[in-house]
Amino acid sequence: MQNRRSSIGDQGLPTDWVRPCETEAAEDFPPRVPVTSTSLRSVGYNPEAHELDLEFKDGRLYRYSGVPPEVHDELLHAPSLGRYFLANVRGQYPCERLC
């Protein structure tokens, strides 16, 4: 797997950062990076709060609470992000739909 480095844009965010819901303030969300997946569009993680934000291809955005850093890392490196999500995230952590 390639190492992925982001460049920093004018607002101090990675240039490949994905904008959160149009009605929400960007500072309310950890930066998300686009992913290659048939079900997910982007993934963000707040290591201090242990919150995993997942944006799906249809635009829905969910926040999963209490997610350890290793689950975030394993998700990003999984051969299938959708399968990893179904087996290790969905139903395992409290979730709220953000938009």
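**Group meeting: a walk through the sheet and its two helices**

Hi everyone, let's start at Arg-32, which sits in strand 1, residues 32–34. Before going on, please keep in mind that this is a predicted model, where local features need pLDDT of at least 70, side-chain atom pairs count only at pLDDT 80 or more, and totals for chains, interfaces and linings use all residues. Residues are numbered from 1 along each chain as its sequence is written, and side-chain values use heavy atoms, with hydrogens and water left out. When I say helix or strand, I mean DSSP runs numbered from the N terminus: H or I of at least four residues for helices, E of at least two for strands.

Back to Arg-32, then. Is this residue buried or exposed? Arg-32 counts as buried because its relative accessibility is 1%; the cut-offs are under 20% relative accessible area for buried, over 50% for exposed, and partly exposed in between, with a 1.4 Å probe and protein chains only. Its side chain makes polar contacts with two other side chains: Ser-42 at 2.8 Å and Glu-55 at 3.1 Å. A polar contact here is a pair of N or O atoms within 3.5 Å; within protein, one must be able to donate a hydrogen and the other to accept it, and residues adjacent in sequence count only if both atoms are side-chain atoms.

Now the overall layout. The protein chain has 2 helices and 5 strands, and from the N terminus on they run β-β-β-β-α-α-β. Of its 99 residues, 34% count as buried. The accessible surface is about 6,300 Å², with 47% of that belonging to carbon and sulfur atoms; those areas come from the Shrake-Rupley method with a 1.4 Å probe, and for residues only the protein chains shown count as cover.

On to the sheet. The 5 strands form an open sheet in the order 1-2-3-4-5, with antiparallel pairing; two strands pair if DSSP finds at least two bridges between them. Strand 1 and strand 5 (95–97) are the edge strands, each pairing on one side only. On average, neighbouring strands are turned by 20° against each other, direction ignored.

Let's zoom in on strand 3, residues 51–56. Since 5 of its 6 residues are buried, strand 3 is largely enclosed by the rest of the structure. On one side, 6 bridges join it to strand 2 (residues 40–46), and the two run antiparallel. In that pairing Asn-46 stands opposite Glu-51, and Tyr-45 opposite Leu-52. The hairpin of strand 2 and strand 3 has 4 residues between the strands, and His-50 takes a positive phi near 55° there.

Strand 3 is also joined to strand 4 (residues 61–65), by 5 bridges, again antiparallel. Here Glu-55, the partner of Arg-32 we met earlier, stands opposite Leu-61. Which residue in the turn of this hairpin has a positive phi? That is Gly-59, at about 95°, in a turn with 4 residues between strand 3 and strand 4. Strand 4 also holds Arg-63, which counts as buried because its relative accessibility is 11%. The side chains of Arg-63 and Asp-53 are joined by a polar contact of 2.7 Å.

Finally, the helices. Helix 1 (residues 69–77) lies across strand 2 and strand 3 and runs at about 155° to strand 2. Its axis and that of helix 2 (residues 81–88) come within 8 Å and cross at roughly 150°; axes are lines fitted to C-alpha atoms, for helices over the stretch in contact, and angles run from 0 to 180 degrees between N-to-C directions. The two helices are therefore roughly antiparallel to each other, where over 145 degrees counts as roughly antiparallel, under 35 as roughly parallel, 65 to 115 as roughly perpendicular and the rest as oblique. Val-71, Glu-74 and Leu-75 of helix 1 make the contact with Leu-81, Tyr-84 and Phe-85 of helix 2; contact means heavy atoms within 4.5 Å.

One last residue: Pro-69, in helix 1. With a relative accessible area of 37%, Pro-69 is partly exposed. Leaving aside residues up to four places away in sequence, Pro-69 touches Tyr-45 and His-50. Pro-69 and Pro-47 are 22 residues apart in sequence, and their C-alpha atoms are 6.5 Å apart in space. Thanks for listening!
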